[in-house]
Amino acid sequence: MIKFENVNKYFDQHKALKSLSFELPEHETTVIVGPSGSGKSTLLRSFNLLEQPEEGLYSLDDKVIDFAQPISEKTILEVRRQTGMVFQDYNLFPHLTVLKNVMEGPLHVLKEQKLIAAQRAEELLELVGLSDRANYYPNQLSGGQQQRVAIARAMAMDPKYLLFDEPTSALDPELEAEVLKVLLKLDVEKNSMVIVTHNMAFAKAVASNIIFLEEGNILFNGSPDEFFNHPTERIQKFLSAMT
Ligand code: ADP
Ligand code: MG
């Protein structure tokens, strides 16, 4: 479970997250939506401490972090182990093949044996439909293929939570579709997911829970049925602007 209690995040004078409190249960897919600049990335990045809010409490399963206190390096590493992040722009290692990109974390962070890491990497490449690209380099792949490698790479660390920040916003529609297809296949029994997206059809298909952010406030936290079928006036306005 990911839980925030009264979390505030400032960038100088600007308050990017305003006293946020919520709980994301395990084995669910939470989709975060909202206008540009509403704090979606800041919130997602706070879950793996790429951003560190100044105030509030963060519980990740049985670990509790008080953002008002300094966070130890050990805690940061533990939290990052449990929360794998997939970025908008893939962030693959350009000098490593696809297979080596996926093996990198297990080999160097988890100290897995090479054969085991390679075997698992091959399974994950199969899952994302890229078995035949194992020995390619990132720059020999389409954006959609690179993003699927990034998903396999995040999964190779076996994090409890997978975090996706607009994973398809850099892609053309066909390439977006192949990435979304992979995301729909992921098993929430193994990984709980939090996905920031602008694609409302995808949000509807994948979400067990929707959070709507505006100007650093949560204006909605509830079921996709309520969000899409019984929207408030503000949400209705957002949804019409998206289509
Ligand atoms: P979203 O992902 O919803 O588009 P962000 O979380 O990126 O929104 O940004 C929320 C607000 O915080 C915006 O006003 C943005 O300009 C500001 N912001 C984000 N990151 C920084 C930063 N590193 N420094 C200063 N302001 C930032
Ligand atoms: Mg963003």
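**Entry 1: three helices**

I began with α3 and α4, which are oblique to each other, because the angle at which they pack is about 125° and only angles under 35 degrees count as roughly parallel, over 145 as roughly antiparallel, and 65 to 115 as roughly perpendicular. The axes of α3 and α4 are 9 Å apart, and I noted the crossing of these two helices as right-handed. I should record at once that I am working from a predicted model.

Next I turned to α5, which spans residues 143–156, and set it against α3, residues 98–108. The axes of α3 and α5 come within 8 Å and cross at roughly 25°, and α3 and α5 are therefore roughly parallel to each other, since an angle under 35 degrees counts as such. I also wrote down that α3 passes α5 in a right-handed crossing.

For the remaining pair, I looked up α4, residues 114–127, whose axis comes within 9 Å of that of α5 and crosses it at roughly 140°. That angle makes α4 oblique to α5, because roughly antiparallel would need an angle over 145 degrees. The crossing of α4 and α5 is right-handed.

**Entry 2: the surroundings of ligand 1**

Which residues surround ligand 1? I listed Phe 11, His 14, Ala 16 and Gly 34, then Ser 36, Gly 37, Ser 38 and Gly 39, and finally Lys 40, Ser 41 and Thr 42.

I then asked which element gives the most to this shell. The answer is α1, with three residues, and I noted that β2, covering 14–24, and α1, covering 40–47, each supply at least two residues of the shell.

Sorting the shell around ligand 1 by character, I found two nonpolar residues, eight polar ones and one charged one.

**Entry 3: the record and the chain**

I looked up the UniProt annotation, which comes from an unreviewed entry and reads "domain: ABC transporter", covering residues 2–240. Over residues 2–240 the chain is 38% helix and 26% strand, and the C-alpha atoms at the ends are 30 Å apart.

**Entry 4: how confident the predictor is**

Before closing the notebook I checked the confidence values, and the mean pLDDT of the chain is 96, with 100% of its residues reaching 70 or more. I keep in mind that where pLDDT is low, the predicted coordinates should not be read in detail. For the complex, the predictor gives an ipTM of 0.98 and a pTM of 0.96.

Key
Residues numbered from 1 in each chain as written. Chains lettered and ligands numbered in written order. Predicted model: local features only at pLDDT ≥ 70, side-chain atom pairs only at ≥ 80, totals over all residues. Near = placed C-beta within 6 Å. Helix = DSSP H or I, 4+ residues; strand = E, 2+ residues; numbered from the N terminus. Nonpolar A, V, L, I, M, F, W, Y, C, P; charged D, E, K, R; others polar. pLDDT = per-residue confidence, 0-100. UniProt positions renumbered as here; feature names shortened; annotations may be inferred. Axes fitted to C-alpha atoms, helices over the stretch in contact; angles between N-to-C directions. Left-handed = near helix turned anticlockwise from the far one by under 90°.
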